[in-house]
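Dear colleague,

I am handing over the structure below, together with a short account of what was found in it. Please read the notes with the sequence and the 3D view open beside them.

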Amino acid sequence: MLTIDNILLPSGLYIVSTPIGNLKDITVRALSVLKNCDLIACEDTRVTRKLLSSYEIKSKNLVSLHEHSPQQKLIFLIDKIKKEKSIALVSDAGTPIISDPGIQLVILAINNNIKITPIPGPSAITASLVGSGLAHDNFFFVGFLPNKKKKRINTLNKYKKIDSLLIFYENAKRIKETINDMFSIFGNRKCVIARELTKYYETFYRGDFKKFKNIKENLKGEITIIISSCENKKNKEKSDIEEDEVKKIISFTKKKLSTKNLSELLSIIYKKPKKFFYTKLIKTIR
Ligand code: SAM
């Protein structure tokens, strides 16, 4: 059985992932680091204390660190590590640095030759992606869109042609506006809204922009939006082009080649079975 022992943690900076809702979603290694480190740099000390107390990790030194923390705070933390201390960096939920504070501390630590140790775990990115059911070869994480409408539209335009599934973090209050903006820029695409993952009200709303355009429901809680890539459209265009090419080849070779020979030729060109073209030629074209 794995237990959270008291160990001597080597000095350095540990980037520790914590739950995105369900407090049980934390690794044994993460708990071990939180229990044995000298100090925890966290966004909101109340949130981190709640997590620690649910695992009976007591009397820890917590220091708040957020995007507006002054440089002196970072230097203070780096000095601690240089004095052989171990520091864990956590955010309120999920993996630090991903749309969360911490990158400045990591950069400064690297510049000071300090060892960086990530302790992997939950993130809304992976949970929403795997639960979405949207097939993908690759995905692109956008994070939060800008608040201002004009900037948001410009940002969406930038991602319009990316041939990947896209993942956005969003504020529930703005969901309707965002979906409508996405629909107007991307056209209709499959879309999954992942709400309150790992929590009591966890829900996946599956559909497309058309379906969600007039979303009435006043969604509450944490929201991640996953949208399918523009790949389908591209494939369709590609196959339309192939179809045209096929027609040209057929009309050119008509009467010069038998259906069998023409099927063989097309099969070599398009790397598809002869039977595929033979059936097509018999049924439709000849
Ligand atoms: N660092 C975190 C991570 O690794 O997922 C993300 C932090 S970011 C400040 C918070 C955003 O993540 C939320 O606004 C929401 O878009 C998404 N998020 C966080 N928890 C979530 C949950 N339980 N369900 C759905 N989305 C969530």
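In this predicted model, strand β6, which spans residues 139-144, pairs with strand β7, residues 165-171, and the two run in the parallel sense over five bridges. Within this pairing, phenylalanine 144 has tyrosine 169 of β7 standing opposite. To get from β6 to β7 the chain passes through helix α6, made of residues 149-159, and the β-α-β crossover formed in this way is right-handed.

Tyrosine 169 also leads to the ligand, since it is listed among the closest of the 19 residues that surround the ligand, along with Ile98, Asp100, Ala124 and Ile223. A polar atom in the side chain of tyrosine 169 is placed 2.8 Å from an oxygen atom of the ligand. Two backbone contacts may be worth finding in the view as well: a polar backbone atom of alanine 124 lies 2.8 Å from an oxygen atom of the ligand, and a polar backbone atom of isoleucine 98 lies 2.8 Å from a nitrogen atom of the ligand. Taken on its own, the ligand has 570 Å² of accessible area, of which the protein covers 91%.

Which strands supply at least two residues each of the shell around the ligand? They are β7, already met above as the partner of β6, and β10, which covers 222-227. The largest share of that shell comes from β10, which gives three residues. As for where the ligand sits, the space that it takes up is the largest pocket.

With kind regards

Definitions and conventions: Residues are numbered from 1 along each chain as its sequence is written. This is a predicted model: local features need pLDDT of at least 70, side-chain atom pairs count only at pLDDT 80 or more; totals for chains, interfaces and linings use all residues. Side-chain values use heavy atoms; hydrogens and water are left out. Two strands pair if DSSP finds at least two bridges between them. Helices (H or I, at least four residues) and strands (E, at least two) are DSSP runs, numbered from the N terminus. A crossover is right-handed if, with the strands pointing away from the viewer, the path from the first strand over the helix to the second runs clockwise. A residue is near a molecule or strand if one of its heavy atoms lies within 4 Å of it. A polar contact is a pair of N or O atoms within 3.5 Å; within protein, one must be able to donate a hydrogen and the other to accept it, and residues adjacent in sequence count only if both atoms are side-chain atoms. Accessible areas come from the Shrake-Rupley method with a 1.4 Å probe; for residues, only the protein chains shown count as cover. On a 1 Å grid over the protein atoms alone, a cavity is a set of points where a 1.4 Å probe fits but cannot get out, and a pocket is an open set with protein on both sides within 12 Å along at least five of seven lines; lining residues have an atom within 4 Å of a point. A molecule sits in a cavity or pocket if more than half of its atoms lie within 2 Å of its grid points.
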